[in-house]
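Trainee: I have a structure to go through and some basic questions. Can we start with helices?
Mentor: Yes, put it up.

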Amino acid sequence: MTTAFPMSFAQQRLCFLHRMDPTGAAHATVRCHRVTGPLDPQALREALDVLVARHEPLRTVFPLGTQQQVSPEGHGHIHFLEVATEAEALRHAHEEAARPFELEHGPLLRLTVMRLEPRTHVLVFAVHLLVADGASLQVFTEELAIAYRAALLGEPTGLPELPVQYVDWAAWQREQLTAERRESLSHWWREQLSGVPLFLDLVSPRPVLGRGQRMHRVLPAAVAHGVRALASTERQTVFTVLAAACGLVLRHRAGREQVLLGLAVANRDLPEVERVLGFFVNTVVLQVDLRGDPDFRELLTRVAAATVAAYAHKDLPFEQLVADLAPPRDPTRSPVVQVNFAYHPAGTAGALSLHGCEVTEPLLDLPSAKFELTLRVEERSDGAYTVWAEFDESLFEPAFIEGLLAAYEEILRTATPHARTSLPRSPMGAREQHLSRIFADVLKVASVAPDDDFFQRGGHSLQLVEVAVRIRSEMGQDLSLRELYQHPTVAGVAARLDRTGAPR
């Protein structure tokens, strides 16, 4: 017997997106763990069953995408495999990551356990966002460790009974968002974002295929120490420093004086839901205002104020904000925000621990990207930072992301209260001057600055072909149209020619 309940606003949107893309890969989280030690499969199964019994979302399905139906009982879905090599294990992990979820029938949490050697296993958790968001996974891994140890030692888990379940919160959310409250929030956001460009245009528009890839860069402990010291000196949070630097590096890449970042808000203000699994998260918009060339101290002040204001108005579901803003429909870009940012202090990234075993998390390239670009900073136990970039590889080349991460590190390395946020420009060299003349001739304008975007100055694809022909005939170097699309500025093309060793 099952019981039907209304969905939360965020669940409704996810079900709609699932119908648009039934593969569901962009709306799931997959974690891959390498476990070394005496892993007990039976204790792991028992621990998973304890969590399924404890948390209703792990036994919830979504028939027709109109309601959520909770089964009064259930068991964890766990699959055991024997594999010969680590490469085979990772191949299975990628296959599991790409396997669609059946929202109507479940399960929406799957665990695959692959035995490589008697004391070496690979664990792959796949969970749909409908039943567990990022904060939920932190709770899940902590409680799985407790339940596993208890099962192993034959002891009670000691986990207290949950005061509420997710369906209770979903009902409360709907009660709180009255028509009057909704209109007040919508009015504030519309005023706040009035006149702000809703598309960042880091690269030229192109079809979005949703193919995901991850890259990372480790920021040395000295850089991380400098970030914490700057935050302390300026009486700001580490998040504020990191988010301001993110907005700054995007400003330099996109030529925007106002940058919009998406922030995932946990929505767990009520103490009753701190240990509840479910999809609580909402996306809010953080405006990084770089108008007037502020110094870094002023930028931090602006970002801190914008963060407080955004969180004070976080209860408007993001999908409703998008509908209210009604940006032009464009299948090549996400509406309102195209870059999401997150910061995870040490111990908040959901690391798995299993009694008596050593657990590591190998890099697993994702089959899809939840957003066009997500920059996530994780604080490590050694004090350094790892900056992750999860991106749609149909939009961004790895070289572009590498440059973005390098620029981010440089901004954090050199950040001081009085540092200017404008990008210093040296006089154009001979190559840039030549390219500027080509761009200006093709566009039929008087001049083109190094950072002017070819398309924003009125150029189109056929004119870009003419640019490529002129570069080949006058400068003796071939650049593909794809390269020109990805580097549509004089400075970008010059840098590309420098890397390919073209004659000066």
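Mentor: One definition to begin with: the expected span of a helix is 1.5 Å times one less than its number of residues. Also keep in mind that this is a predicted model.
Trainee: How many residues has helix H4, and what does it reach from its first C-alpha to its last?
Mentor: Helix H4 covers residues 134–153, which is 20 residues. It reaches 29 Å, close to the 28 Å expected.
Trainee: Which residues of H4 are buried?
Mentor: Among them are Leu137, Val139, Phe140, Leu144 and Tyr148. Some buried ones have polar or charged side chains, including Gln138 and Glu143.
Trainee: What do the buried residues of H4 pack against?
Mentor: Helix H2 (41–54) and three strands: S2 (28–36), S6 (109–117) and S7 (120–128).
Trainee: And what is at the start of H4?
Mentor: A side-chain oxygen of Asp133 comes to within 3.4 Å of the backbone nitrogen of Ala135. After the helix comes Gly154, with a positive phi near 70°.
Trainee: New topic. Where is Ser394 found?
Mentor: In the loop between strand S14 (385–392) and helix H11 (398–414).
Trainee: Buried or exposed?
Mentor: Ser394 counts as buried because its relative accessibility is 11%, and the cut-off for buried is under 20%. Its side chain also makes a polar contact of 2.4 Å with the side chain of Asp392.
Trainee: Last one. Which residues make the nonpolar surface patch of about 200 Å²?
Mentor: Val465, Val469 and Leu481. Val469 lies in helix H13 (residues 461–475) and counts as partly exposed, because its relative accessibility is 39%.

Note on methods. Residues numbered from 1 in each chain as written. Predicted model: local features only at pLDDT ≥ 70, side-chain atom pairs only at ≥ 80, totals over all residues. Heavy atoms only, no water. Patch = residues over 30% accessible without salt bridge, like charges linked within 9 Å, V, L, I, M, F, W, Y side chains within 5 Å. Areas by Shrake-Rupley, 256 points an atom, 1.4 Å probe, with all protein chains shown as cover. Salt bridge = Lys/Arg side-chain N within 4 Å of Asp/Glu carboxyl O. Helix = DSSP H or I, 4+ residues; strand = E, 2+ residues; numbered from the N terminus. Buried < 20%, exposed > 50% of the residue type's maximum accessible area, 1.4 Å probe, protein only. Contact = heavy atoms within 4.5 Å. Polar contact = N/O pair within 3.5 Å; in protein donor to acceptor, adjacent residues only side chain to side chain.
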